[in-house]
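The exercises below are meant to be worked through with the sequence and the model open side by side. Each task is followed by a solution that goes step by step.

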Amino acid sequence: MFRIKRYKNLLLQEFKHYSGEKLKKDLLAGLTVAAVALPLALAFGVSSGADAAAGLITAIIAGVVIGGLSGGFYQISGPTGAMAAILIGIIASHGLAGVLVTTFIAGFLLLLAGLFKLGSLTSFIPSPVITGFTSGIAIIIALGQIDNFFGTTSSGDNALAKLLSYQTGFTPHLPTLLLGILILLGLIFYPKKWNQILPASLIAIILATIASVVFNLPVAKVGKIPTSLMTSERLHLAALNWANIKGLFLPAISIALLGMIESLLCGASAGRMTGKDLDSNQELIAQGIGNLILPFFGGIPATAAIARTSVAIKSGAQTRLAGIFHALFLLLSMIIFAPIMSQIPMTALASVLLVTSWRMHEFSTIKTMIQQKNRSALLLFLVTMFSTIIFDLSIAIVIGIICSCIFFVAKSARISIVTEDIDWQRMDLSHSEAGSNWAVIYITGPLFFMSANQLKKALDQVIEKEGLIFSLRGVPSIDLTALDSFNDYFSIAALNQQKLIFTSMQPEVEKQFNRLWEKREHSPIQHPTVAHALHEIHQTF
């Protein structure tokens with residue numbers, strides 16, 4: 001009930017001052033997004049291993065259902081390249097029927113994630129890991145389009161296996177390759193200012209289709225596009241049995257995880273563009289419901305798409321109606337232009353996807369990592385990217401997160417220990433022989449098992465001193481191993497009659513030391529600062 005009330009309030013705020021002018025802006029934005037989404041929906045449907053119709057149906061259903069329930073008015077959902085990259089392996093192993101079941105399970109997982117308010121989970125994934133799997137997915141998409149672009153045939157369950165299968169022979173089909181190169185060049189050199197009016201991908205596909213029909217080119221085509229949303233290849237309740245669910249649960253986790261990451265990252269980016277924050281948990285609920293419904297129409301998994309969302313915002317979208325209108329325009333296109341779309345050359349869609357995969361790489365982020373010589377970030381990026389290509393998304397993210405934790409722990413182990421003799425002049429105190437054989441030890445960084453050895457070495461070097469002042473202002477935490485090192489040193493210091501003073505301790509660190517000192521017969525002296533301790537020594541002597 002709380003989620004329903006929150007969603008109702010979201011709609012009330014969104015349509016509070018809705019007018020005919022805003023409706024006009026939503027219609028135009030919807031039409032613009034549909035022009036961008038049409039070629040991408042067809043292309044992502046094909047690249048997933050399904051067909052163009054599945055991609056188009058996904059864009060239509062997702063646009064209405066997910067767009068209507070979304071946590072942000074600007075979110076445009078549909079098939080994406082990242083999702084298509086995951087589906088290739090599932091279709092190879094389980095067929096389209098397996099993808100439909102997997103989509104349903106993933107939708108259920110996304111719905112649960114939203115209901116249990118797990119919308120903040122993506123914040124625990126480091127940025128280099130996200131950049132790494134994005135690049136990995138882009139490479140998988142590009143590898144998956146070699147057959148369609150060159151007119152060749154490969155074998156294998158994944159993009160890497162298909163690439164290796166070319167060792168037995170690689171003979172491009174000349175008409176397919178030439179048409180693909182012409183389209184690719186057109187997409188690359190298409191003026192950016194024209195792209196805002198007519199998307200390059202749409203123009204390229206239209207021209208390629210005309211050329212294919214007029215010159216009767218012997219190239220592979222998309223094939224039949226249905227004029228109904230209910231396709232013959234759709235999920236039936238009988239397929240939702242325990243055997244199927246058990247066998248497809250792990251791939252479903254990958255799809256749900258990717259859906260969560262893509263949708264929430266898209267919402268974060270769009271939120272900055274509009275100044276309106278995304279309701280992340282509502283977005284996950286919307287994605288969950290949408291992906292639960294999609295398989296029953298023959299659709300593949302959907303998620304929020306950054307490119308289409310940004311187009312909607314730049315086109316002046318005012319409410320979520322823009323996303324719904326975009327879906328209705330796609331439906332109208334399917335009904336009217338289905339015979340024409342069936343003639344689209346596959347190499348045209350491959351060219352669109354090759355350009356899309358290139359643009360998926362976050363080159364500015366990668367460049368920044370290189371310029372800043374951030375070795376750990378670069379290593380995380382490369383490890384995640386290659387893990388995505390070799391394994392799958394969920395394994396890649398787990399590997400990335402584990403590596404980032406290891407790097408963090410290793411970095412945290414680098415503590416600073418500086419030992420200085422007492423300088424009375426710096427303290428504006430008269431020269432005194434007091435404390436002539438004393439030292440101040442400044443420690444900065446967390447003291448735990450990985451830094452305990454460094455601490456022990458530093459303490460061994462000051463054992464001959466008459467007294468020590470420890471400044472622990474820069475120590476945010478201390479664990480049992482480091483405390484044991486101090487405890488051992490306390491025993492050695494007592495034998496040598498060495499005086500110990502502790503200063504500037506943070507509350508949590510002081511609490512840990514107090515517990516240790518309660519077990520000892522004598523506890524070191526404490527002062528709030530090093531200055532207080534030095535004044536006390538100066539007066540004593």
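**Exercise 1. Helix 13**

Which residues of helix 13 (residues 306–314) are buried, and against which elements do they pack?

Solution. Since this is a predicted model, local features are read only where pLDDT is at least 70. Begin with the burial of each residue, which picks out Arg308, Thr309, Ser310, Ala312 and Ile313 as the buried residues of helix 13. Next, follow the contacts of these buried residues, which lead to helix 2 (20–47), strand 1 (77–78) and helix 11. Finally, look just past the helix, where glycine 316 follows with a positive phi, near 95 degrees.

**Exercise 2. A salt bridge between distant parts of the chain**

Determine how many salt bridges the whole structure holds, and describe the one that joins aspartate 279 to arginine 6.

Solution. A search of the whole structure gives five salt bridges. In one of them, the side chains of aspartate 279 and arginine 6 meet with an N to O distance of 2.7 Å. Placing the partners in the chain shows that this pair links distant parts, 273 residues apart: arginine 6 belongs to helix 1 (residues 2–14), while aspartate 279 sits in the loop between helix 11 (242–274) and helix 12 (280–293). The last step is accessibility, where a residue is buried under 20% relative accessible area and exposed over 50%. Aspartate 279, at 11%, therefore counts as buried, whereas arginine 6, at 40%, counts as partly exposed.

**Exercise 3. Salt bridges within a helix**

Describe the salt bridge of lysine 456 with aspartate 460 and that of glutamate 508 with lysine 511, giving the spacing and exposure of the partners.

Solution. Take the pair in helix 19 (residues 452–460) to begin with: lysine 456 and aspartate 460 lie four residues apart there, about one turn of the helix. Their side chains meet at 3.4 Å, N to O. Lysine 456 counts as partly exposed at 46% relative accessibility, and aspartate 460 is partly exposed as well, at 42%.

Then turn to helix 21 (residues 507–518), where glutamate 508 and lysine 511 are separated by about one helical turn because they are three residues apart. The closest N and O atoms of this salt bridge are 3.7 Å apart. Glutamate 508 is partly exposed at 41% relative accessibility, and lysine 511 is partly exposed at 40%.

**Exercise 4. Two helix pairs**

Work out the relative direction, the handedness and the contact residues for helix 17 with helix 18 and for helix 5 with helix 15.

Solution. Two packed helices are described by the angle between their axes and the distance between the axes. The axes of helix 17 (residues 375–390) and helix 18 (residues 393–412) come within 8 Å and cross at roughly 160 degrees, so the two helices are roughly antiparallel to each other. Their crossing is right-handed. On the side of helix 17, the contact involves Ser376, Leu379, Leu380, Val383, Thr384, Ser387 and Thr388, which meet Ala396, Ile399, Gly400, Cys403, Ser404 and Phe407 of helix 18. Sorted by class, this contact of helix 17 with helix 18 has seven nonpolar, six polar and no charged residues.

For the second pair, helix 5 (residues 127–144) and helix 15 (residues 346–360) pack at about 165 degrees with their axes 8 Å apart, which makes helix 5 roughly antiparallel to helix 15. Here the crossing is left-handed. Helix 5 contributes Thr134, Ile137, Ala138, Ile141 and Ala142 to the contact, and helix 15 contributes Leu353, Leu354, Ser357 and Met360. By class, the contact of helix 5 with helix 15 has seven nonpolar, two polar and no charged residues.

Definitions and conventions: Residues numbered from 1 in each chain as written. Predicted model: local features only at pLDDT ≥ 70, side-chain atom pairs only at ≥ 80, totals over all residues. Heavy atoms only, no water. Axes fitted to C-alpha atoms, helices over the stretch in contact; angles between N-to-C directions. Parallel < 35°, antiparallel > 145°, perpendicular 65-115°, else oblique. Left-handed = near helix turned anticlockwise from the far one by under 90°. Contact = heavy atoms within 4.5 Å. Nonpolar A, V, L, I, M, F, W, Y, C, P; charged D, E, K, R; others polar. Salt bridge = Lys/Arg side-chain N within 4 Å of Asp/Glu carboxyl O. Buried < 20%, exposed > 50% of the residue type's maximum accessible area, 1.4 Å probe, protein only.
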